[in-house]
Amino acid sequence: YQILRNDPDVEIAEPGYSNAPVSHALNLSAQGELLDIIPLYVQDQKGKERPRQMNVPMRIKRSVNVAANFLCDNPVYVLGITDKEAKDPDYAKKRFEEFRKHNLEILAKVNSPAACAITTFLKNHDPLKATQIPVVARHLESLLQGRNLIFLVEGKNTLDDSKIRQAWEEYHLGHETLEMQCLVTGEIEPVARLHPDIKGVWGAQRKGAALVSFNLDAFTSYGREQGLNSPISRRAAAGYGVALNYLLSRRDPRPLHTSDTTVVFWAESESRQTEAVFACLFDPDSLSRDSGQPRRGGQAEGALKTIAQRVRAGKPLDLDALLADLGDENPRFYVLGLAPNASRLAVRFFITDPFRQMVANVMAHYRDLQIVKE
């Protein structure tokens, strides 16, 4: 995660924030009046419109419980509108009131024009009359089909307001005061009760699955529930969640797949060269698929193509020559295999070695598969 944070070519969420699809923005006046609703769809590679991926305050986990996010949520919570018939006639109203309460609690400590505008809007908004507001009625169909909404004040994203961000970060870090020794860092820090959803594992739930999760008494020890059972700090949990979701979603190099297992790999290095070599050893066609990605440089690209051609043809590779192209770098390398297990993830394997040793093991595997002809 720290390597990705320092990479200018990679855009990932900061601590306390997460990446989420946003379909619309509510544009408010400085007085808190709803001026317009702006669609934020973007076109994907197939030409289809998709909600824009944006960094927003850390999302909460909810199933049937009523719980609101900060300044970014779906239309039921933000405006109190829904097209679903619920057994509870106050279904949408309850969710808007929870959103209003949660957001006003955090914004009460913020002295900025943007915070004042949102506060005024939330206090004055009546969810029972939301569909009668002309601007809402005009966009009602797309709102109900969309994902999350954010707030603008006179065209400016309120999530960029430094005072609002400070208030959120103080709330996020201080919301739970229980501190324990983190199993990752060894430091005494606030513990994550719920861990981030991991998306992109083949066969797992589309909304994401948990790598660390406890929900039955049989899984607990000494009365510790949920994340307290295996204490990971919120800082470390957020970091591994962002990094793992990035590895599962990247296109250069792509995750590998074998049977029901999705395999991701990374090096403890700022250079991506070792990852590209590892991908070529297992999937020589990755170079042609990823041709639209930024090039790695002429000499490096040529070396990778040579590796891919020889692997594709089943020819032996010169280990010394391969490693010579990488120079003196020999970072620790990691390979993680994940498989779906209901709403959780199963770790099929986790391998770590210096990169040169990892390559030597792969080369030994290829030698063992060679057929000696007469």
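Modeller: Before we begin, contact here means heavy atoms within 4.5 Å. This is a predicted model, in which local features need pLDDT of at least 70 and side-chain atom pairs count only at pLDDT 80 or more, while totals for chains, interfaces and linings use all residues. Residues are numbered from 1 along each chain as its sequence is written, and side-chain values use heavy atoms, with hydrogens and water left out.

Biologist: Which residues does S18 touch, not counting those up to four places away in sequence?

Modeller: S18 touches A13, M54, N55, V56, P57, M58 and R59. S18 itself lies in strand β1, residues 17-28, where strands (E, at least two residues) and helices (H or I, at least four) are DSSP runs numbered from the N terminus.

Biologist: Why is S18 called buried?

Modeller: Buried means under 20% relative accessible area, exposed means over 50%, and partly exposed is in between, with a 1.4 Å probe and protein chains only. S18 has 12% relative accessibility, and therefore counts as buried.

Biologist: What makes the approach of the S18 side chain to the backbone nitrogen of R59 a polar contact?

Modeller: A polar contact is a pair of N or O atoms within 3.5 Å; within protein, one must be able to donate a hydrogen and the other to accept it, and residues adjacent in sequence count only if both atoms are side-chain atoms. The S18 side chain reaches that nitrogen of R59 at 3.3 Å, so the distance is within the 3.5 Å limit.

Biologist: Why are R165 and E14 said to form a salt bridge?

Modeller: A salt bridge needs a side-chain nitrogen of Lys or Arg within 4 Å of a carboxyl oxygen of Asp or Glu. The closest N and O atoms of R165 and E14 are 3.1 Å apart, so this pair falls within the cut-off. The pair joins distant parts of the chain, 151 residues apart, with R165 in helix α6 (residues 162-174) and E14 in the loop between α1 (2-5) and β1.

Biologist: Why is E14 called partly exposed?

Modeller: E14 counts as partly exposed because its relative accessibility is 33%.

Biologist: What makes R348 and D260 a salt bridge, and how exposed are the two residues?

Modeller: Their side chains meet at 2.8 Å, N to O, and this is therefore within the salt-bridge limit. R348, at 44% relative accessibility, counts as partly exposed, and D260, at 25%, counts as partly exposed too.

Biologist: How do you know that helix α8 is mostly covered?

Modeller: Nine of the ten residues of α8 (residues 273-282) are buried, among them F278, C280 and L281.
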